[in-house]
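Visitor: I should be grateful for a close look at one part of this structure, with the details set out in order.

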Amino acid sequence: MCSPEEAALLRLEEVFSATLARTNSLVLQPLLTAAEPSDPQGRECLRLLQQLHWSSQQLWEVTEESLHSLQERLCHPDSVRLESLLLLRGADRVLQVYMEYIESYTSCMVVQAFQKAAKRRSGYWRVQRKVLRQLLWGMSSEGSVGTALVEVLCQPLTYHVQQYVFLLLSLSDTIGEHHPTRELVVHTTTLFGDLQSFMRQALDQAVATQALWHTLSSRPRDVLCIPARRLLQDSQDVPVTVTPLRAERVLLFDDALVLLQGHNVHTFDLKLVWVDPRQDGCTFHLLTPEEEFSFCSKDPQGKVVWQRKVTEAVCQVLRGKKDFPVLGAGLEPSETPTCRCAAYTFRAEGRLCQATYEGQWCRGRPHGKGALKWPDGRNHVGNFCQGLEHGFGIRLVPRASEDKFDCYKCHWWEGSMSGYGICENGTDEVYKGYFQAGLRHGFGVLESTPQAPQPCKYTGHWERGQRSGYGIEEDSDRGERYIGMWQADQRHGPGVMVTQAGVCYQGTFQADKMVGPGILLSEDDSLYEGTFTRDLTLVGKGKVTFPIGFTLEGSFGSGAGGGLHTQGVLDTAALPPDPSSTRKRQLGLGVFPVESRWQGIYGPFWAFVHAGCPGELQEALLGFHVQSSRALRKSQEYLCCERTHPEDSACRMEDILEELLQHREREALQQCLRKALSNPLHPLGKLLRTLMLTFQATYAGVGANKHLQGLAQEEVKQHARELWAAYRGLLRVALQRKGQAPEEDEDAETRDLQVHGLVLPLMLPSFYSELFTLYLLLHEREDGLYSQGIAHLSLFPDTKLLEFLDVQKHLWPLKDLKLTTNQRCSLVRDNCFLSATECLQRIITTVDPREKLEVLERTYGEIEATVSRVLGQEHKLPMDDLLPLLIYVVSRARIQHLGAEIHLIRDLMDPIHTGGLYDFLLTALESCYEHIQKEDMRLHRLPSRWNSRAPW
Amino acid sequence: MMAIRELKVCLLGDTGVGKSSIVCRFVQDHFDHNISPTIGASFMTKTVACGNELHKFLIWDTAGQERFHSLAPMYYRGSAAAVIVYDITKQDSFYTLKKWVKELKEHGPENIVMAIAGNKCDLSDIREVPLKDAKEYAESIGAIVVETSAKNAINIEELFQGISRQIPPLDPHENGNNGGIKVLNSSMPGTRPCC
């Protein structure tokens, strides 16, 4: 059964549909058919009318649809249920269409589009007046055509919605309490009731806005008048004064806040207006990106009105659509959201002048992720805090010439670069290192790219953007490497120069020039002590020591026709110099204290640890992992930080510290440290990696010079100590975070034990190849003699060699030889003491000095075991017997570069072993090595010619 | 806990005079509560009490053959004491001893304690070196002298006690730290000879 209300609704829709159709043909169509207006305002009006026409079409369609659904229902009341009516099931859509129409209609109204259009065809409309009157009720004959048009396009709609509400209300009354559709009907009634309120408010706002445009002088009107803009509050209605900007009039629109001050119009986008929640009598405060004001009203009510209106307007604009049914609906009496996303171009003078920021904001300041673009092409993408760059950010700065950019991928701290960063200067050079206050500071590497015109590389310390402190500079054009002190971008202080040719010198520099005396070592091991210049010209007093021992002391200078001119005393009587004085002379020892040599690397680490290892600074310390920046350069439009974020990777600081806490027993600790040191994202791994970088920069290539071995080995040992201290520092933080007491300070002996037993073996492989090369070069000559000795001894059959070395016959392991009875001199080689020989050869399979010593100890064990087997009883070898046997084993093991090995072991051995077993073992090995170098070992052919009266 | 001082002692003397026998006797006669690693009879350790200190002797044997003499400096560098052994039945071995003393005076560590041991005193009937000669010589160079018999364990203990007594006591302000104190390489670092 259908209710009479439904029938009434049907009739209502029929009438409305007809009205719309008539209005369309009699009013809208003629309005649109006017000739294309020439002025922009006219065109704007036409566009608005077209929009209205379209909305009206929608309205008509939806009405027809509703009508159709009502007809269905009335024809088949039993099969078509009540809720299938469009008004009920599609109320939201119907509402939407009505709201759009109202929107279009009010926009036309605000800019007086009807009046303007009517005026353009005034002749036509005068004739049509009668028709218009028919469409309206109660229109006085005096009203202008314009007013009539305004009315005729709105009145039917208002009436229609009113009727909807009325009929729906009665429908809900008639269908009874328990009808299943009742709730839907009630809800729809409310919706249409709300629509009425919405329409009323929209019309009111439009009327007020239209009135406002009339009262404003032409200049502000031209600036401000936009069809979609509605006035929400006017200081002429509720007075308010604004400080510090003394505005005469304050207008709150639905999208902007406008302050009028004389001829000046200050517009503030509501998206970037924050209402300060602080309460202050009759005053409230507004924040905008560049200005802050106080709004002061005469009485508290006025202040409440303004504050509420502004808050509502801001919230509405941030929601992006009109509040329904009225402004501020559904809004708690709350504050404006503190964080937003918006774009803004700064206007005030200063570093941000004309720059556009797009991104996250908080209380009037860029805060969070965002992008900043300057009109000169500078471009910054990254994190912001309180209006300043803070956290990771990438900045591109275009170069004055060419299509090149400086690219800074860096950590920022309150607006300037701070922490680790990578800076590419055009395509010529790259700086990777630490910054402070926007300048290179601390440790960093500046390297020219392969395509740069002038190749150079600096690895070292910086101070406020300039090279300062200890640093290595490579000049591959000149084939030179400078190792030493810098100041204000110049070589200054003690320095060592090594060259491709093998010549090296040590001296004092001042403003990039050598001053005072220095030491010059040539590749043939001549030594010059005195004054000379950077291009190796001897000038002034000096002394040359030749490898054969002659010395020449006097004054030197350039000869007239080139060459060297000297006046001095040649002393040919001097003894050959002690080889360690020139050939093994070490440069730089004592001038670059090893404790402070690379402090720039440890500095940021300790700052991080002392700050308690905050996760946010982790990246600033460790650097970040960015893929190629080529793509970045190409599209500076949108930079993205495609780096592995520390939070994503498995290296969160908490986990790192937790892991240290979990692994404190020796074995576990070793595992844990090994893992840490091999992980570049771990603070310790990062330290090691940076140290390797500096080590290679110093001692690889040109730096592979025997005179630098001393510097290198003390550096490695120091790094081991520092890494251990670094581990202890991290552990301390880990304990602190858990509220546990820190570990007691260890004494020097325990520390040395850990450093040599634990850290050194783990980190040494990273430095070994460069370090061993230096030992190799330093002991080249001895190793050469030793090799001759070995080569000579290897010609001997086993028994001959044992005899030659005076090993007592009863110790000969003849059981190991297959001899016929009368074959005392067999040709068998490499059979005796084979186990010991093979054991000793393993010394080169490890880099850890301790393991090498253990190999040595096992070798002695093997010798003793063999002897005991030969004698059939346990035998303890005194040195008289052991040394010849050992020489035998060493000569058979044929280890290359044994001298380099021995000296490396001795230098890196834990000093606790001094005087002890390992020291003894090593000394015994060294004595064998020395012995094999002796002339009679290398040159004598036959054992019988052995001269027992050796010189001593 | 008593402080342990490690003392490096090197053994010098001709081959066959019984250098290692003396040490073996010294080390093995008495129970050594520190299980010390040894390399045959070439490197041995023994700890003895001396006053309120423990002296841990790290005893380095050397090869006595003349052809190895030039290697000796490697062994005696950093030694606190040297035991120079001769055979009382061989005059030659006493000459060798004198050479060693001379070399130590010239190239050995400063303040090295020298102890002269005339071994094989059980064979005094075939003696070639009179005790008086040895004593006079020792006095002239300020060394300890003692005639020993490794075979019969005569004067072995006394020899090392004598060395202990000659070792200057520790500087009191030097042992501010705890536990073991190492007073070894007084003349060690950087003076490695290169032959």
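At what angle do helix 3 (residues 91-107) of chain B and helix 4 (residues 131-141) of chain B pack, and how far apart are their axes?

Guide: The model is a predicted one. Two packed helices are described by the angle between their axes and the distance between the axes. For helix 3 and helix 4 of chain B, the angle is about 5° and the axes lie 12 Å apart. Angles under 35 degrees count as roughly parallel, so helix 3 of chain B is roughly parallel to helix 4 of chain B. Classed by residue type, the contact between helix 3 and helix 4 of chain B comprises 6 nonpolar and 3 charged residues, with no polar ones. Helix 3 of chain B contributes F94(B), L97(B), K98(B), V101(B) and K105(B). These meet D133(B), A134(B), Y137(B) and I141(B) of helix 4 of chain B.

Helix packing also appears in chain A, there against a sheet. The sheet is open, with 4 strands in the order 2-8-7-6 and antiparallel pairing. Its edges are strand 2 (240-243) and strand 6 (274-275) of chain A, each of which pairs on one side only. Strand 2 of chain A is joined by 4 bridges to strand 8 (residues 292-297) of chain A, and the two run antiparallel. Within this pairing, V240(A) has S297(A) in strand 8 of chain A as its bridge partner. Helix 11 (residues 300-319) of chain A packs on the sheet and touches strands 2, 6, 7 and 8 of chain A. The direction of helix 11 of chain A makes about 25° with that of strand 7 (283-287) of chain A.

Terms used
Residues are numbered from 1 along each chain as its sequence is written. Chains are lettered from A and ligands numbered from 1 in the order in which they are written. This is a predicted model: local features need pLDDT of at least 70, side-chain atom pairs count only at pLDDT 80 or more; totals for chains, interfaces and linings use all residues. Side-chain values use heavy atoms; hydrogens and water are left out. Axes are lines fitted to C-alpha atoms, for helices over the stretch in contact, and angles run from 0 to 180 degrees between N-to-C directions. Angles under 35 degrees count as roughly parallel, over 145 as roughly antiparallel, 65 to 115 as roughly perpendicular and the rest as oblique. Contact means heavy atoms within 4.5 Å. Ala, Val, Leu, Ile, Met, Phe, Trp, Tyr, Cys and Pro count as nonpolar, Asp, Glu, Lys and Arg as charged, and the others, Gly among them, as polar. Two strands pair if DSSP finds at least two bridges between them.
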